[in-house]
Amino acid sequence: MKLVSVNKLEPGMVVSENIYTLDDRLVLTKGTVLDSNGIEKIKAHSLYNIFVENEKKPVAASTEKKEKVDPNLSYSQRLKNTESFIRFKQHIEENAEKLEESFRLIANESVPLDVDKLTEPVYHLFVEAGGSAGVFDMLHNLRDSSDAVYMHSLNVSLICNTLATWMRLPTETIQIATAGGLLHDIGKVLMPPDLVNKTEALTEYEQKAMREHVIKGYDLVKNMDIDQRIKNCILMHHEMRDGSGYPFHIKNDQIDEVASIVTVANVYEALTATRTYRAPVCPFTIIANFEDNGIDKYSPNVIMTFLSNVVNTFIANRVLLNNGQSGDIIFVNPDHLSRPTIKVGDQFVDLSQNRNLSIVSII
Ligand SMILES: [Fe+2]
């Protein structure tokens, strides 16, 4: 292991300790093989030195080659060209199909619910994405993909795993959150397919009918031999701490803490997804809403950990502002998480000081 200046990092170097920002947020995990995206992330966090292994490992040649084609491409455009992203996208789509089949077999009582077996692909996807530091990079760039229930379940599970890791929960609790995220909408296999697969916005009547998925899901698993917290995730993932959720309008600590993790992951995932009847909501709009209204509705520990870390995952991303200009996020202000500093050309635009400006989308 050796200490290397950030300016001397090279693709192929292997990170030998988790890398945290000065305010203790995870940037890259131990064992990550650096490529130019990873190096850019470390530089963007203004870190000086990091520990790497003595031996380098090969980086996928095609990844680096494609990234060098056009240095003017945004972070997102470059990521989408990488072999690792293309592979991740293919695998998550394949696993979404398999998950649908598994849920149906469980609902028909053809096979027992084996939580370890069901969540195994999530852990593979997690590693393939580059751990908790890479999951959001992947998910942010999958947003024009399918909005099927099963893709949503996989995404929520990956977010729950990452969020529980950020919260530094015990490994066993992280596993329960991952399983809870994967299974939270299992009740949808028991709902009329026309309703679940409807591509237009649901009517008020249909929305009410759809709410039954939590009770149907809970009824399906309540006598099964799985952890009660996973059952609670299925039953309580639409409950809100101010009592405005459903099905029982329970409040505060009546809501399982692990279910609270699924709630935040579920809302964020659903809003950032593309729907046929609406474009995805910009993550910074969601972060601003969470900052303004989140404390009443969500577990304070869960929402604060989520916000402060998720913003971090956008460092080095290019964004479009409401004045038509675009630039790269270079600094996140911990007091105004939805208003980072953007480098537009040679100018630094601090959105916390320019309240008339806001981020419209990640490009
Ligand atoms: Fe749900």
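Axes are lines fitted to C-alpha atoms, for helices over the stretch in contact, and the angles between N-to-C directions run from 0 to 180 degrees. The exercises below use this predicted model.

**Exercise 1.** Describe how helix 6 and helix 7 pack, and which residues meet.

*Solution.* Begin with the axes: helix 6 (residues 132-140) and helix 7 (residues 149-166) pack at an angle of about 145°, and their axes are 9 Å apart. Next, take the handedness, which is left-handed for this crossing. Then look at the residues, where Ser-132, Val-135 and Leu-139 of helix 6 meet Asn-155, Leu-158, Thr-162, Thr-165 and Trp-166 of helix 7. Sorted by class, this contact holds four nonpolar residues, four polar residues and no charged ones.

**Exercise 2.** Work out the strand order of the open sheet, and explain why strand 8 and strand 9 stand at its edges.

*Solution.* The sheet has five strands in the order 8-7-6-5-9, with antiparallel pairing. Strand 8 (347-350) and strand 9 (359-362) each have a single partner strand, so one side of each is left without a neighbour in the sheet. From one strand to the next, the twist averages 40°. Within the sheet, strand 5 (residues 318-321) pairs with strand 6 (residues 326-333) over three bridges, and Val-319 has Gly-327 in strand 6 as its bridge partner.

**Exercise 3.** Find where confidence is lowest and where it is highest in the protein chain.

*Solution.* The chain has a mean pLDDT of 88. Confidence is lowest in helix 2 (residues 61-67), with a mean of 46, and highest in helix 12 (residues 228-236), at 98. Where pLDDT is low, the predicted coordinates should not be read in detail.

How values were computed:
Residues are numbered from 1 along each chain as its sequence is written. This is a predicted model: local features need pLDDT of at least 70, side-chain atom pairs count only at pLDDT 80 or more; totals for chains, interfaces and linings use all residues. pLDDT is the predictor's confidence in each residue, from 0 to 100. Helices (H or I, at least four residues) and strands (E, at least two) are DSSP runs, numbered from the N terminus. Two strands pair if DSSP finds at least two bridges between them. A crossing is left-handed if the near helix is turned anticlockwise from the far one by less than a right angle, and right-handed if clockwise. Two residues are in contact if their C-beta atoms, placed from the backbone, lie within 7 Å. Ala, Val, Leu, Ile, Met, Phe, Trp, Tyr, Cys and Pro count as nonpolar, Asp, Glu, Lys and Arg as charged, and the others, Gly among them, as polar.
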